[in-house]
Amino acid sequence: MFSKGPSRSLVALIAGITVVPLVTLLWLGRRLMEEDRVLEHQQIQQRVERGADLVVAALQRLVGVSEQRLAAGSQQWPDDAVAVTFRDGVVEASPRDHVAYLPLVPQLREASVATFAHGEDLEFRQRDLKAAISVFGDLARSPDPSIRSGALLRLARSLHNAGRDESALAAYAQLSEIDGVSVGRVPTGLLATYARGKLLERQQRASELRALGADLDRDLHSQRWMLTAPVYWLYGADAAKWSGRDSTAPRQAEVFADAVGALWDRWSSTRPTAQASSGRESLEARGQTLTVLWQSSNRSFHALIVTPAFVESQWLTALAPIVKEQHIALALPNAERQSALGASEAPAAPRATRTTAETALPWNVVTTNVDPPPEDRDFSRRRQSLIAGFVLLVSMALMASYLIIRAVSRELAVARLQSDFVAAVSHEFRTPLTALRQFTDMLREHPALDDDRRRIAYDAQSRATERLTRLVESLLDFGRMEAGARRYRFEPRDGTELVGRVVEDFRSEASATGHEVEFRGNGSALIDADDEALSRAVRNLLDNAVKYSPEPSPVEVGLERRNGQVFISVHDYGIGIPAHERADIFAKFHRGEHAAIKGIKGTGIGLAMVDEIVRAHHGRVDVDSEPGKGSTFTIVLPAKS
Ligand code: ADP
């Protein structure tokens, strides 16, 4: 009943005092963290910018070295690059087989058509194939390769028309071995191989055709003959078909060839007015982004054309230490597949961009931060300690408020208990005092009272005085116990005799309220006891047994000696004690709920004293109770043998 919490306003006040600094603390902490993050971001941005500058400088140096090699006319280029030179009517590629076709090819030797006029006359006009075959056969033995090749071509044609396909094929085979001459500006070797293929195709000789197709495809691609784009594609389409190769995916030499063509067109058209100049650029050819370094004048044009793989292996790889050291990822965005070095970037990662306009490099250079950045370690460590600090502060503040609230509640509860105690004590005094006054008044106002009535009045006065005396003694005793000044004088006593005496003294008082007190003891039970203190303890239990049994009912007192212990029990048939209260009733000033509800007077110190006295006797008090049925309090003391 006294354990109500502190008032709401007090809790609100304490909470306010705690909450305001707490909120301020949290707000400050948040701001601190935000500023820390901004700082971290700035540092990362600085590193990424520095990385971009270092990368650009390194790329300038690397590209510069390649440009110097180009200017010096180097022929040594890796697979993923080709150097081209344009001069008056000349286009050269190095290595030659890196370019599938050229915008301009040298004119090959070619025999005049007049040489074959007689044979062709026989073949077409006179339709004398036999004679024509003989004429072309003679010419095919000429030491001049241009005449020999022109004759073999016509011989094969006539043989085919004469139905002698095997001989025609042999003539084509012989012809395909001759290089350096052309017929109708197409190299004769190419013409012969192609004509053989057509023948095999017509004869449906599939396996031979596939083998021939593969050879032709390889020869075309490796620039066995120097070809222009139209010738290359004209024959190349059939060669790919015969060999069964998928011709939709462009080959590197074709990509280079297209780039060379585009550069040639540009140089040829700007050449008349061209100043000596140089440049670096990205160029799209057949879906591939190539990088071009060029030096140009109106007399010549040199260019180095490289693939993304070259950029990667020759230039970007050399940047790996910078990328690693600066903890960045590098991308060259307008060179798509020429791009990445380092790990993939986070979406909102700090980045630095250097554009082509700023750097004169062929690509934009973009550097981004790679997670986790090195700064992260310092910052996250700092943030962790910050968070830990805040958590500590907040928990300390919470703990402090909890302790304050608890201490204040306790103080308030004690103050309340004490004021209740004072009220209860005053109440306890009032009853005997009222009786005393009434009977004293009666005796004074009625001097002629008969003897019987007079005795009743004296008895009542005596009982009231006795009650007052006990009350005062009890309070004094409690005061001494509280101050720790209570001294016990232990002497060997017979417990049965002691308890019997207390019961006897109490009986008349109990009978006034209609309670019978029975005492059952079985023989003497020796104990070490302070007579006065133990009597008070038993007396208190008897008082309670009567007080908390509103209806007249018996009170049974028992004493038993068992197993070296003496059990003094007081059993009543009163209101009983709810289970949840049993642990508290021995605390000083504590009063049960029912005691208050039923208006049973008391000070809340009776059982506290019993407990204290029994403990001093090295014993304990047990309670057994059933609400509505009654209670048994048992004092257990060590028996003296
Ligand atoms: P008080 O009797 O003055 O209130 P006590 O310390 O003697 O103080 O008792 C504490 C509480 O224990 C009482 O308020 C009452 O609720 C409960 N109590 C003690 N003895 C009994 C009993 N015999 N029957 C029922 N309740 C009891």
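A polar contact is a pair of N or O atoms within 3.5 Å. That criterion applies to the ligand site described below, in a structure that is a predicted model.

**Ligand site**

Twenty residues are not listed individually here; of the 20 residues around the ligand, those that come nearest are N544, Y548, R591, T603 and L607. Three of these residues place a polar atom by an oxygen atom of the ligand, as the table sets out.

| Residue | Atom of the residue | Distance to a ligand oxygen atom |
|---|---|---|
| N544 | polar side-chain atom | 2.8 Å |
| R591 | N or O atom in the side chain | 2.6 Å |
| L607 | polar backbone atom | 2.8 Å |

For L607, the polar atom thus belongs to the backbone, whereas N544 and R591 each use a side-chain atom. On its own, the ligand has 530 Å² of accessible area, and the protein covers 97% of that area.

Several secondary-structure elements contribute to the shell around the ligand. At least two shell residues come from each of helix α16 (531-547), helix α18 (606-616) and strand β17 (630-638). Classified by residue type, the shell contains eight nonpolar, nine polar and three charged residues.

**Surface patch**

A nonpolar patch on the surface is formed by M399, Y402 and L403, which together have about 320 Å² of accessible area. M399 is located in helix α13, which comprises residues 374-445. The relative accessibility of M399 is 48%, so this residue counts as partly exposed; the class of exposed residues begins over 50%.

Definitions and conventions:
Residues numbered from 1 in each chain as written. Predicted model: local features only at pLDDT ≥ 70, side-chain atom pairs only at ≥ 80, totals over all residues. Heavy atoms only, no water. Near = heavy atom within 4 Å. Polar contact = N/O pair within 3.5 Å; in protein donor to acceptor, adjacent residues only side chain to side chain. Areas by Shrake-Rupley, 256 points an atom, 1.4 Å probe, with all protein chains shown as cover. Helix = DSSP H or I, 4+ residues; strand = E, 2+ residues; numbered from the N terminus. Nonpolar A, V, L, I, M, F, W, Y, C, P; charged D, E, K, R; others polar. Patch = residues over 30% accessible without salt bridge, like charges linked within 9 Å, V, L, I, M, F, W, Y side chains within 5 Å. Salt bridge = Lys/Arg side-chain N within 4 Å of Asp/Glu carboxyl O. Buried < 20%, exposed > 50% of the residue type's maximum accessible area, 1.4 Å probe, protein only.
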